[in-house]
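Welcome to a short tour of a protein model. Have the sequence and the 3D view open side by side, and follow along at your own pace.

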Amino acid sequence: MPPTRRSLLTTFLAIPALPITTLRLASAQQVPMLPRTPACGDHDGLTLAREAGPYYKPKAPLRHELFGDSPGGERITIAGFVLGEDCRPIGNSLVEIWHADKNGDYDAEGFRLRGHQFTDDVGRWWFSTIIPALYPGRTRHYHLRVQRPGGPVLTTQLFFPHEPRNERDYLYSESLLLDISSTADGKFGRFDFVV
């Protein structure tokens, strides 16, 4: 039986407070292996910035759960760490998300499919939401803003692998792909921000 989103999130939230490079080496101690973070430790720099687009709205509510805003959508949990260039997780970092609904529409009036949170003491963040629909001119994506305490705001977008429209989208970058796993009750996506 495949794992569930909840079991993957529970495993993710149980990861100890160690530098990501140390976690990769800890498999012999039964610590879950983590996918490689694209920029962390590679001297490639910080997570790539992308424009906010016309649908950003300040003052999104503090919350992890967005799925209830669009219960007919395909469920996904996205999660990751906020890291420094030294690969160490950064606690109390702001992570904000907004995205289209199952019809490709953004909520311009309220805060449907919009939220923010602060990373825990070891830099973890997560949202339970839906997979956004395609809309004219864009591939499937999430908008995010990330800010370490006292640092500049990173505005970026995260993309889905194997989308036919990725290569035609002028904002797409392979370095901003979510690592997606299928589970028994939806999808689980992973991305670590380097700020």
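## Strands, core and rings

Leucine 94 stands opposite phenylalanine 118 in β3. Before we follow that pairing further, please keep in mind that this is a predicted model.

**The strand β2 and its sheet**

Let us begin with strand β2, which covers residues 94-98. Strands β2 and β3 run antiparallel and are joined by five bridges. Strand β5 (residues 141-147) is also joined to β2 by five bridges, and these two strands run antiparallel as well. Two residue pairs show how β2 and β5 line up: glutamate 96 stands opposite arginine 145 in β5, and tryptophan 98 has histidine 143 in β5 as its bridge partner.

Now step back to see the sheet as a whole. It is an open sheet of four strands in the order β3-β2-β5-β6, and the pairing is antiparallel. The edges are formed by β3 (114-118) and β6 (154-159), each of which pairs on one side only. On average, neighbouring strands of this sheet are turned by 20 degrees against each other, with direction ignored.

Is β2 enclosed or open to the outside? Five of its five residues are buried, so β2 is largely enclosed by the rest of the structure. A general idea helps here: in a regular strand the side chains alternate between the two faces of the sheet. In β2, Leu94, Glu96 and Trp98 lie on one side, Val95 and Ile97 lie on the other, and all of them are buried, which leaves both faces covered.

**The strand β8 and its partners**

Another strand to find is β8 (residues 186-190), where four of the five residues are buried. Here is how β8 pairs with two other strands:

| Partner of β8 | Sense | Bridges |
|---|---|---|
| β1 (residues 75-83) | parallel | four |
| β7 (residues 179-183) | antiparallel | five |

On the β1 side, isoleucine 78 stands opposite glycine 189 in β8. On the β7 side, threonine 183 has glycine 186 in β8 as its bridge partner. A hairpin of two residues joins β7 to β8.

**A nonpolar core**

In soluble globular proteins, nonpolar side chains tend to be buried together. In this model, the largest nonpolar core has 27 residues, and Ile78, Tyr142 and Phe193 touch the most other members. At least two residues of this core come from each of β1, β2, β4, β5 and β6.

Phenylalanine 193 is a good place to zoom in. Leaving aside neighbours within four places in sequence, its contacts include Phe81, Val82, Leu83, Trp125, Leu144 and Val146. Phenylalanine 193 also belongs to a cluster in which ring pairs link Trp125, Phe127, Phe191 and Phe193.

**Aromatic rings in pairs**

How many aromatic pairs does the structure hold? There are eight. One of them joins tyrosine 55 and tyrosine 106: the ring centres are 4.1 Å apart and the planes are at 10 degrees, so the pair is stacked. Tyrosine 55 lies in the loop between α2 (20-24) and β1, while tyrosine 106 lies in the loop between β2 and β3, so this pair ties together parts that are 51 residues apart in sequence. Tyrosine 55 is partly exposed, with a relative accessible area of 36%, whereas tyrosine 106 is buried, with a relative accessible area of 12%.

Tyrosine 106 also pairs with tyrosine 135. Here the ring centres are 5.6 Å apart and the planes are at 80 degrees, so the pair is edge-to-face. Tyrosine 135 lies in the loop between β4 and β5, and tyrosine 106 in the loop between β2 and β3, so the pair ties together parts that are 29 residues apart in sequence. Both tyrosine 106 and tyrosine 135 are buried.

**A last stop at threonine 129**

Finally, look for threonine 129 in strand β4 (residues 124-130). Is threonine 129 buried or exposed? Its relative accessibility is 0%, so threonine 129 counts as buried. Its side chain makes a polar contact of 2.7 Å with the side chain of histidine 99. Beyond its neighbours within four places in sequence, threonine 129 is in contact with several residues, among them Leu66, Phe67, Glu74, Ile76, Leu113 and Tyr142. Tyr142 takes us back to the largest nonpolar core, where Tyr142 is one of the residues that touch the most other members.

Conventions:
Residues are numbered from 1 along each chain as its sequence is written. This is a predicted model: local features need pLDDT of at least 70, side-chain atom pairs count only at pLDDT 80 or more; totals for chains, interfaces and linings use all residues. Side-chain values use heavy atoms; hydrogens and water are left out. Buried means under 20% relative accessible area, exposed over 50%, partly exposed in between (1.4 Å probe, protein chains only). A polar contact is a pair of N or O atoms within 3.5 Å; within protein, one must be able to donate a hydrogen and the other to accept it, and residues adjacent in sequence count only if both atoms are side-chain atoms. Contact means heavy atoms within 4.5 Å. Two strands pair if DSSP finds at least two bridges between them. Axes are lines fitted to C-alpha atoms, for helices over the stretch in contact, and angles run from 0 to 180 degrees between N-to-C directions. A nonpolar core is a set of buried Ala, Val, Leu, Ile, Met, Phe, Trp, Tyr and Cys residues joined through side-chain atoms within 4.5 Å. Rings of Phe, Tyr and Trp (its six-membered ring) pair if their centres lie within 6.5 Å; planes under 30 degrees apart count as stacked, over 60 as edge-to-face and the rest as tilted.
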